[in-house]
Amino acid sequence: MWLHQGSALSSFLFAMAMDVLTQHIQGEVPWCMLFADDIVLIDEIRSRLNAKVEVWRQTLESKGFKLSRTKTEYLDCKFSDSTHEAKVDVKLDTQVIPKNDSFKYLGFVIQSNGEIDEDITHRIGAGWIK
């Protein structure tokens, strides 16, 4: 689960403010990570992920932050044979969050199927740009 905030603050100030405002709801890394103006929430069960998203939404919105309903997306990784809740939608408040097959972040591409093809293609393309 990836939440995008899109702050106008500098990355450092945003990270400091987020750390202070959300210290009581942050999980341990890697289950909850803050990056500049992005939040990554990870869980194995969608219903628990929805509960985490709702706590973060309520906490941030109560402090005057707005979560982007158009930029928020999630990735369902199939890295194990564990069962997934196929009929449970991931939501931000009442809006269903769109599912993505891959994420690009900090120069990496993570694919939902566990493959690395897109990451290799992305890195080769980035190398040709230089």
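This is a short talk on the fold, salt bridges, surface patches and a few single residues of one predicted protein model.

First, the ground rules. The model is predicted, so local features need pLDDT of at least 70 and side-chain atom pairs count only at pLDDT 80 or more, while totals for chains, interfaces and linings use all residues. Residues are numbered from 1 along each chain as its sequence is written, and side-chain values use heavy atoms, with hydrogens and water left out.

Let's start with the fold. The protein has three helices and nine strands. Helices here are DSSP runs of H or I with at least four residues, strands are runs of E with at least two, and both are numbered from the N terminus. Reading from the N terminus, the order is β-α-β-β-α-β-β-β-β-β-β-α.

Next, burial. Of the 130 residues in the protein, 31% are buried. Buried means under 20% relative accessible area, exposed means over 50%, and partly exposed lies in between, with a 1.4 Å probe and protein chains only. The areas come from the Shrake-Rupley method with a 1.4 Å probe, and for residues only the protein chains shown count as cover.

One buried example is M18. It sits in helix α1, residues 11–22. Its relative accessible area is 1%. Now take F65, 47 residues away along the chain: the C-alpha atoms of M18 and F65 are separated by 10.0 Å.

On to the salt bridges. How many does a search of the whole structure find? The search gives 10. The criterion is a side-chain nitrogen of Lys or Arg within 4 Å of a carboxyl oxygen of Asp or Glu. I'll show three pairs.

Pair one is D93 with R69. Their closest N and O atoms are 3.7 Å apart. This pair links distant parts of the chain, 24 residues apart: D93 is in the loop between β5 (91–92) and β6 (95–96), and R69 is in the loop between α2 and β4. Both ends are partly exposed: D93 has 36% relative accessibility, and R69 has 27%. Stay on D93 for a moment. Its phi is near 65 degrees, a positive value in a residue other than glycine.

Pair two is D76 with K99. The N to O distance is 3.9 Å. Again the pair links distant parts of the chain, 23 residues apart: D76 is in the loop between β4 and β5, and K99 is in strand β7, residues 99–100. Which end is buried, with a relative accessible area of 8%? That is D76. K99 counts as partly exposed, at 45% relative accessibility.

Pair three is R123 with D119. Here the N to O distance is 3.0 Å. Both lie in helix α3, residues 117–129, and because they are four residues apart there, about one helical turn separates them. R123 is partly exposed at 40%, whereas D119 is buried at 13%.

There is also a network. Salt bridges that share partners join E54, R57, E61, R69 and D93 into one. So pair one belongs to that network, because D93 and R69 are both in it.

Back to the R69 loop for T72. This residue is in the loop between α2 (46–62) and β4 (74–75). Is T72 buried or exposed? T72 is buried, at 2% relative accessible area. A polar atom of the T72 side chain lies 2.4 Å from the backbone oxygen of S68.

Last topic: surface patches. Patches are made of residues with over 30% relative accessible area and no salt bridge; like charges are joined within 9 Å, and nonpolar side chains (Val, Leu, Ile, Met, Phe, Trp, Tyr) within 5 Å.

The charged patch is negative. Its members are D101, E115, D117 and E118. Lys and Arg count as positive and Asp and Glu as negative, with His and the chain ends not counted. The place of a charge is NZ of Lys, CZ of Arg, CG of Asp or CD of Glu. D101 is in the loop between β7 and β8 (102–105), and D101 is exposed at 54%.

The nonpolar patch covers about 490 Å². It is made by I116, I120, I124 and W128. I120 is in helix α3 and is partly exposed, at 42% relative accessibility.

To close, back to helix α3. It holds the R123 and D119 pair, and I120 of the nonpolar patch is there too.

Notes
A polar contact is a pair of N or O atoms within 3.5 Å; within protein, one must be able to donate a hydrogen and the other to accept it, and residues adjacent in sequence count only if both atoms are side-chain atoms.
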